[in-house]
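Open the model in your viewer and keep the selection tool handy. We will go from stop to stop, and at each one you will hear what to select and what is there.

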Amino acid sequence: MTWSLLGILLFSGVTKEEKLNGSSYIEDWENAELHAKSHPYNTSGHFTPDISSNQAHSGSYSVRSYVPNAADGGDYRSEIRHKGGWGEPTPIDWKHPYNTVRTFSAWIYLPEGHLSPANEASVFQWKNFKDPGCDVGFPAFSIREKNGQWEYNLKHDGDTACTTSVETLSGIIDNSLTTGQWHHFQIEIFYNYTAAGYLKLYYAEGDTVDVDTNLVFDYQGPTGYNDQQGPYAKWGYYISAWKNKSRRAADSKVKGLEMYLDDVGILEGSISK
């Protein structure tokens with residue numbers, strides 16, 4: 001069962017408001033006002049994401065994430081995230097509660113002729129907030145685009161002291177990503193910074209492969225950090241290296257990074273167990 005079908009089964013016959021109050025939420029952007037105060041997603045970046053009819057996986061609309069590569073600097077992010085924490089409305093507790101499972105899913109489209117950066121460009125982050133007095137905010141899990149590949153990176157630390165170093169696992173999801181195509185990502189995470197934690201990453205290119213059958217990273221062990229507040233999910237481009245003009249120059253052939261996001265979902269619980 002794909003996430004899209006799961007969403008239909010979960011939400012058939014319910015109103016938008018009931019979806020917001022439930023334990024699951026899938027946004028297809030068909031009736032979305034992304035910048036409205038009542039919408040459950042927020043945006044970040046100088047070039048903020050917005051609703052677009054250029055591409056759509058289902059229906060007629062998606063969200064466009066675009067970051068230009070300006071030689072004299074510029075921005076480095078164009079993201080959406082679940083609201084909360086700043087007095088904003090949220091469909092689900094925006095922070096992933098400890099010792100619980102959440103599943104995140106989205107479809108990503110890369111336009112024809114898209115050039116990948118030499119620097120890492122995150123497209124998904126399971127991001128931790130810093131605790132007071134702690135100075136590290138690495139995403140505990142991320143999916144990245146780099147040199148024509150999809151990659152994953154997982155960081156964890158079970159120490160109670162402020163994190164100064166983290167254990168890291170990384171690998172390749174797809175070593176030859178296709179442009180002009182939709183890519184389906186599904187991430188199931190049991191947030192637990194002991195050996196009891198786990199993370200399952202599923203990936204499929206196009207609609208011909210059931211994403212639930214294509215497990216590309218199956219990890220058992222600590223997830224997240226012991227000294228930081230609960231993670232939250234972000235989708236869209238974040239290119240940390242582009243904060244630095246000299247590092248940005250390595251991507252001089254990349255005029256900008258553009259992608260589209262559709263059927264962005266969050267489920268309280270597991271679909272694999």
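Select strand 7 (121–130) to begin: with 4 residues, strand 7 gives the largest share of the lining of the largest pocket. Strands here are DSSP runs of E at least two residues long, helices are runs of H or I of at least four residues, and both are numbered from the N terminus. Add strand 5 (77–82), strand 8 (141–146) and strand 15 (228–238), which also give two or more residues to this lining.

Now show Ser122, Gln125, Pro139, Tyr238 and Ser240 as sticks; of the 24 lining residues, these lie nearest the centre of the pocket. The pocket volume is about 490 Å³. A pocket is an open set of points on a 1 Å grid over the protein atoms alone, where a 1.4 Å probe fits, with protein on both sides within 12 Å along at least five of seven lines; lining residues have an atom within 4 Å of a point. Volume means the space filled by probe spheres set on the points, which are joined across faces, edges and corners.

Colour the lining by class and you should find 7 nonpolar, 7 polar and 10 charged residues. Asp, Glu, Lys and Arg count as charged; Ala, Val, Leu, Ile, Met, Phe, Trp, Tyr, Cys and Pro as nonpolar; the others, Gly among them, as polar.

A word on the model itself: it is predicted, so local features need pLDDT of at least 70 and side-chain atom pairs pLDDT 80 or more, while totals for chains, interfaces and linings use all residues. Residues are numbered from 1 along each chain as its sequence is written, and side-chain values use heavy atoms, with hydrogens and water left out.

Next, select Phe141, Ile143, Trp150, Ile187, Leu201 and Trp235. These have the most contacts inside the largest nonpolar core, which has 44 residues. Such a core is a set of buried Ala, Val, Leu, Ile, Met, Phe, Trp, Tyr and Cys residues joined through side-chain atoms within 4.5 Å. Strand 16 gives the most to this core, with 5 residues. Centre on Phe141 and look for its contacts (heavy atoms within 4.5 Å) beyond four places in sequence, among them Phe124, Trp126, Ile187 and Leu201.

Move to Glu188 in strand 11 (residues 181–190). Is Glu188 buried or exposed? Glu188 is buried, with a relative accessible area of 1%; buried means under 20%, exposed over 50% and partly exposed in between, with a 1.4 Å probe and protein chains only. The side chain of Glu188 makes a polar contact with that of Tyr198 at 2.7 Å. A polar contact is a pair of N or O atoms within 3.5 Å; within protein, one must be able to donate a hydrogen and the other to accept it, and residues adjacent in sequence count only if both atoms are side-chain atoms.

Strand 16 (residues 256–268) holds the next stop, Tyr260. Tyr260 is buried at 3% relative accessibility, and its side chain makes a polar contact with the side chain of Glu258 (2.7 Å). Tyr260 also touches Trp107, Tyr109 and Trp182, among others.

Also in strand 16 is Asp263, which has a positive phi of about 45° although it is not a glycine. Finish at Asn99, in the loop between strand 5 and strand 6 (101–110). Asn99 has a positive phi too, about 70°, and is partly exposed at 43%.
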